Structure formats: structure tokens, C-alpha cells
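User: I am new to this structure and would like a close look at a single part of it. Please describe strand β2 and its surroundings in one connected account.

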Amino acid sequence: MSSKKVIVALDNNNLKKTLRLVRVLKSEVYAFKIGYQFFFSFGLQGYKKIYSICPKIFLDLKLHDIPNTVEKGLEAILKMKPFFTTIHVSGGDKMMKVSSSYKKNTKILGVSILTSMDSRQTAKYYNQKNVTKLVRSFTKAAKKNKLDGVVCSPQEIKYIRKEVGKNFIIVTPGIRIYNQIKNDDQKRVETPEKAIKLGANYLVIGRPITKSKDPLKVLKEINKSLS
């Protein structure tokens, strides 16, 4: 496993600024995450520009639809050769089985419960107040349907790691550094060091790095704390 564990989220609508950031950080990251904002703003051409600088990309489009639609979507995504891509576990067994058959060189991760949701929200929309129990259930379904791993918040990592063993990939967003834990739009957050100790393989970090005055310095400090 690579010693680098940070996936930097490129949530920006300024292509030139994003390309500069990728060039600055590429030697210190595990991968770059491209999500809705970047992909819907710059599309395949923007993706290719990032790929030409650093081909290790986590294309986070969180597919969630009927199995046939997801299958066709994955056919298109895999032509782009991302390292990771995502589907929602809540799309069901058949959707996940179809997805796992398309893995090839791209690792497919199941999105469990978004880190913006707390127990009140899961009780309302999933009829389950215990977030950890819900995430564990989703994770077992992801492994049973042969996905490569899951995306989950730091608070569920240790329970999931016990459930799925050491070879199942855990990618964790909701990572904050120093004094950024409070007053955040994500509910279930943690520091980089704690998340790795709990059993995460990779950490998705966006704003704490990209919005800082010196992104490279911040990333190097995080990497040092994890070594």
C-alpha cells in the first residue's frame, strides 16, 4: 500500500487555478478527487487536463439509478480510466452486482451514508436512528456484492474494519485539521491522524488544503503526521 494516504478534493469552478493546484500538489497526494462541481463545469476535457498531470483520479459521481442506467454510465466512466469511482449502496443488490462486474482496473466504492447526515436525518429517510448500525449494514451489502470498498465517515471506520477485514478499502471524507472540527457543514468529522488509526486506507480532504494560504505546506504537514 502506498505511504501516501491523502486524496485532495478539487471542488473548484476555476480551471486554471485547479490545474495550478494539481501541479503543485501532485508529488504529495495519493490521488485527486473530481466531483460534481468540477466535472459539470469542465466535463471530459477538464478531466483529461487533470489526468494528463496526474492520472490517479477518484471520479466521485455517486451513481444511483436503475441497474441498466448505472451499467451504461459505468461503461462510459471506465473509458476515462479513473482509479476510483462511486455508486450508492442504497441503489440495491442488482445495481451493485452489475457495477462489480465492470470493475476491471477501476476500483468501485460504495457510498454508505453521506457525512452531512446525522441520526435525525437517517431516522427520517432510512427509518434507522443508529447511524453506525446503518452504515455497517450497507457495508456488508457492498462486500457481499463484490464492491472494492466503501466511503464512510470517520466515526464508523473501526466498526466497519472489524466487519470487513483488512483487504476491503475504506475511503473517508469528513476530515478536518487543527481547530476545524466545530461549526462544519459535515456532521461526522475527525482529524487525519485519528481516522488512519481507526483503520481508514485513504482520506478525502478538500477545503482544509485547497482553501489554505499554502496548500502544499498543509498537505506536507498532514503527510508527516501520518508517517
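Analyst: The account below begins with the strand itself and then moves outward to its neighbours. The model is a predicted one.

Strand β2 covers residues 31–34. Its side chains are divided between two directions: A31 and K33 point one way, whereas F32 and I34 point the other way. In a regular strand, side chains alternate between the two faces of the sheet in this manner. Despite their opposite directions, A31, F32, K33 and I34 are all buried.

Strand β2 has a partner in β1, which spans residues 6–9. The two strands are parallel, and three bridges link them. Within this pairing, V8 lies opposite F32 of β2. The connection between the two strands involves a helix: β1, α1 and β2 together form a β-α-β unit, and that unit is right-handed.

Strand β2 also pairs with β3, which comprises residues 57–63. This pairing is parallel as well, with three bridges joining β2 to β3. Here I34 of β2 has L59 in β3 as its bridge partner. Between β2 and β3 the chain passes through helix α2, residues 36–53, in a β-α-β crossover that is again right-handed.

Helix α2 contains Y51. Y51 has a relative accessibility of 28%, and therefore counts as partly exposed, a class that lies between the 20% and 50% limits. The C-alpha atom of Y51 is 28 Å from that of M95, although these residues are 44 positions apart along the chain. C54 has a relative accessibility of 10%; because this is under 20%, C54 counts as buried. Another cysteine, C152, is buried at 1% relative accessibility. The count of disulfides in the model is zero.

Helix α1, which belongs to the β-α-β unit with β1 and β2, also takes part in a pocket. The second largest pocket encloses about 200 Å³ of space and has a lining of 14 residues. Those nearest its centre are N12, K17, L21, T210 and K211. Two elements each give two or more residues to this lining, namely α1 (15–25) and α9 (207–210). The greatest contribution comes from α1, which supplies four residues. Sorted by class, the lining holds six charged, four polar and four nonpolar residues.

In summary, β2 is paired in parallel with β1 and with β3, and its four residues, A31, F32, K33 and I34, are all buried.

Note on methods:
Residues numbered from 1 in each chain as written. Predicted model: local features only at pLDDT ≥ 70, side-chain atom pairs only at ≥ 80, totals over all residues. Heavy atoms only, no water. 1 Å grid on protein atoms, 1.4 Å probe; cavity = no way out; pocket = protein on both sides within 12 Å on 5 of 7 lines; lining within 4 Å. Points joined across faces, edges and corners; volume = space filled by probe spheres on them. Nonpolar A, V, L, I, M, F, W, Y, C, P; charged D, E, K, R; others polar. Buried < 20%, exposed > 50% of the residue type's maximum accessible area, 1.4 Å probe, protein only. Pairing = 2+ DSSP bridges. Right-handed = clockwise from strand over helix to strand, strands pointing away. Disulfide = S-S within 2.5 Å.
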